[in-house]
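Let's take a walk through a protein–DNA model together. Keep the picture open while you read and try to find each spot as it comes up.

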Number of protein chains: 2
Amino acid sequence: MKIDDSKNKQDLQQLIDTQQFVEHISVDCTIFGFDNGILKVLLLKYHDLDVWSLPGGFIFNDEDLSDAASRVLFERTHLSDTFLEQFHTFGQINRTANNAHQILLKHKNIEVPPDHWIFQRFITVGYCSLIDFNLAGTFPNSLNETCAWFEVNKLPKLAFDHERIIEVGLNHIRKNIDTQIVANNLLPEKFTMKDLQTVYETVLDEKYRRNNFQRKILALNILERLEKFFDGSANKAPYLYRFRRKN
Amino acid sequence: MKIDDSKNKQDLQQLIDTQQFVEHISVDCTIFGFDNGILKVLLLKYHDLDVWSLPGGFIFNDEDLSDAASRVLFERTHLSDTFLEQFHTFGQINRTANNAHQILLKHKNIEVPPDHWIFQRFITVGYCSLIDFNLAGTFPNSLNETCAWFEVNKLPKLAFDHERIIEVGLNHIRKNIDTQIVANNLLPEKFTMKDLQTVYETVLDEKYRRNNFQRKILALNILERLEKFFDGSANKAPYLYRFRRKN
DNA sequence: GCAAAAGTGTTCTTTTTACACCCATGG
DNA sequence: CCATGGGTGTAAAAAGAACACTTTTGC
């Protein structure tokens, strides 16, 4: 991805100068998507750092915690209208031990006094979401950083305790897949039962029988059946489905 | 309960003077117990305030979040070795709108500058637990406050957003009753199946059939059967049970 | 012996899982 | 007409709910 270094530095400087954040608290978003049956998580990396991190940020003084999570995600990935769910708050003393911020700022030659709030202890609130992997193509190239998907069991070197956060976030998603699936733009508006099954199998890392899966899902009464979908292959065309408006 | 007013003021003054807390963050504990089939929650009240609040407090700079929750609970209720589970973090901007702290300090004639950290915005992390109601008798009379159990659907006037916190905490307990029951000292070491059934029925607000409940619980394979318990009544004596050590 | 409450056995129902069959589709 | 994959029917198995019967206890 394209990197504009001067803009990058300017943005960072602005962040550092801001006094409008609630100190000691941050949010981090674990965004899961899947690609060809492989579950992936969205990570960011500043150009000159060798560690990746979750899309995270701070809370404005006059902003609700949940709004901050949505804003932070948008600012860093341009994902909008993403349903985010809070899942856990991480508050170990030493969780930001490998101070990535410090290294980054040094690289950028940005002068920050050592008692600056950004170096203080942070407690972070984790939010998670499941989204359509295809939205990946729509991320605008962020000027600040590289944005990429990683398989959940082939993670790169991560900042702070972000590996742990991903682990806990993934557990949460697995336990709450039913609500997550409905609430999100994980699938295109219309999809086949097989598409949905692939999602379940990828997220839960389990296999289901085609026919029983169909019955189970239809019994939930959350789908409406639409027209058939002809993809040109030599077999019976599957129906398309859509999530019902309300319940 | 007995109140020592000068000690009370002294403690508060000390809290206010402390600079060792992580600003903007607090913990609140929702402790549930049950009494004669009624589910209750433990609340505290400073003597001269008319609002009740959850046992809560702040996090020391050199303390893990979860340790802070345990410490805070112990300091305010003298409950020790209580298994606490984090369930949600509350971060609405206006959640501490009805500033109970301010009123309390004014009552006590403690001078605090208006820009003191205690008046700043706070984001609070909720922890919950289910405990044996009989432990209530063992709370030492806290010098600072009154400590009492309230029925979960007959709550008094509460500080901040504590009513909401209780609601979310109770939901969490209900969803996780199986783990909570085992992890806690909710029941005495030895108990009858009926005792356990009463707990389930009280917490979940549902009725079960005696025989089916017994089968369901025994199938979990978490109990070991002990001797019979004779309470002098004219009927067959029930067995006592105990939670198995490991699994 | 009797009432009360506990333990256990049995049936009925519902849900879940497994297997089977038929149907539509493009080449 | 054939291979492929989708829809639906049905049987077997497991789990859950309801009912009945027997046992133990103190009076």
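Keep in mind that this is a predicted model. Let's start with one small residue, B:Ser53, which sits in the loop between strand S2 (38–46) and strand S3 (56–60) of chain B. Is B:Ser53 buried or exposed? Its relative accessibility is 16%, and the cut-off for buried is under 20%, so B:Ser53 counts as buried. Who are its neighbours? Leaving out residues up to four places away in sequence, B:Ser53 touches B:Leu43, B:Leu44, B:Leu158, B:Ala159 and B:His162.

**The two protein chains**

Now zoom out to see chains A and B together. A turn of 180° with a shift of 0.1 Å along the axis lays chain A on chain B, with an RMSD of 0.1 Å. The two copies are therefore related as by a two-fold rotation axis. The same surface serves both of them, too: 100% of the contact residues of chain A recur in chain B.

**A little sheet in chain B**

Next, look for three strands of chain B that form an open sheet, in the order S7-S9-S8, with antiparallel pairing. Which strands stand at the edges? They are S7 (191–192) and S8 (223–228), and each has a single partner strand, so one side of each is left without a neighbour in the sheet. S8(B) is joined to S9 (residues 239–243) of chain B by four bridges, and these two strands run antiparallel. If you want a pair to click on, B:Leu223 stands opposite B:Phe243 in S9(B).

**Around DNA strand D**

On to the DNA. How many residues surround DNA strand D? There are 23, and the closest are A:Arg210, A:Asn235, B:Asn211, B:Ala234 and B:Lys236. Sorted by kind, the residues of this surface come out as six nonpolar, eight polar and nine charged. Helix H7 (210–219) of chain A and helix H7 (210–220) of chain B each supply at least two residues here, and H7(A) gives the largest share, four residues. Of the atoms of DNA strand D within 4 Å of the protein, 52% belong to sugar or phosphate and the rest to bases.

**Around DNA strand C**

DNA strand C has 22 residues around it, and the closest are A:Asn211, A:Asn212, A:Ala234, B:Arg210 and B:Asn235. This surface divides into six nonpolar, eight polar and eight charged residues. H7 of chain A and H7 of chain B each supply at least two residues near this strand as well, but here the largest share, four residues, comes from H7(B). Sugar or phosphate accounts for 51% of the atoms of DNA strand C within 4 Å of the protein, and bases make up the rest.

**Some polar contacts with the DNA**

Here are some atom pairs to look for, with their distances.

| Protein side | DNA side | Distance |
|---|---|---|
| A:Arg210, side-chain N or O atom | DNA strand D, base nitrogen | 2.6 Å |
| A:Arg215, side-chain N or O atom | DNA strand D, base oxygen | 3.1 Å |
| B:Asn235, polar backbone atom | DNA strand D, base oxygen | 2.9 Å |
| B:Arg210, side-chain N or O atom | DNA strand C, base nitrogen | 2.6 Å |
| B:Ala234, polar backbone atom | DNA strand C, base nitrogen | 3.3 Å |
| A:Arg209, polar side-chain atom | DNA strand C, phosphate oxygen | 3.0 Å |

Try finding Arg210 in both chains: A:Arg210 reaches a base nitrogen of DNA strand D at 2.6 Å, and B:Arg210 has a base nitrogen of DNA strand C at 2.6 Å.

Notes. Residues are numbered from 1 along each chain as its sequence is written. Chains are lettered from A and ligands numbered from 1 in the order in which they are written. This is a predicted model: local features need pLDDT of at least 70, side-chain atom pairs count only at pLDDT 80 or more; totals for chains, interfaces and linings use all residues. Side-chain values use heavy atoms; hydrogens and water are left out. Buried means under 20% relative accessible area, exposed over 50%, partly exposed in between (1.4 Å probe, protein chains only). Contact means heavy atoms within 4.5 Å. A residue is near a molecule or strand if one of its heavy atoms lies within 4 Å of it. A polar contact is a pair of N or O atoms within 3.5 Å; within protein, one must be able to donate a hydrogen and the other to accept it, and residues adjacent in sequence count only if both atoms are side-chain atoms. Ala, Val, Leu, Ile, Met, Phe, Trp, Tyr, Cys and Pro count as nonpolar, Asp, Glu, Lys and Arg as charged, and the others, Gly among them, as polar. Copies are superposed by least squares on the C-alpha atoms of residues with pLDDT of at least 70 in both. Two strands pair if DSSP finds at least two bridges between them.
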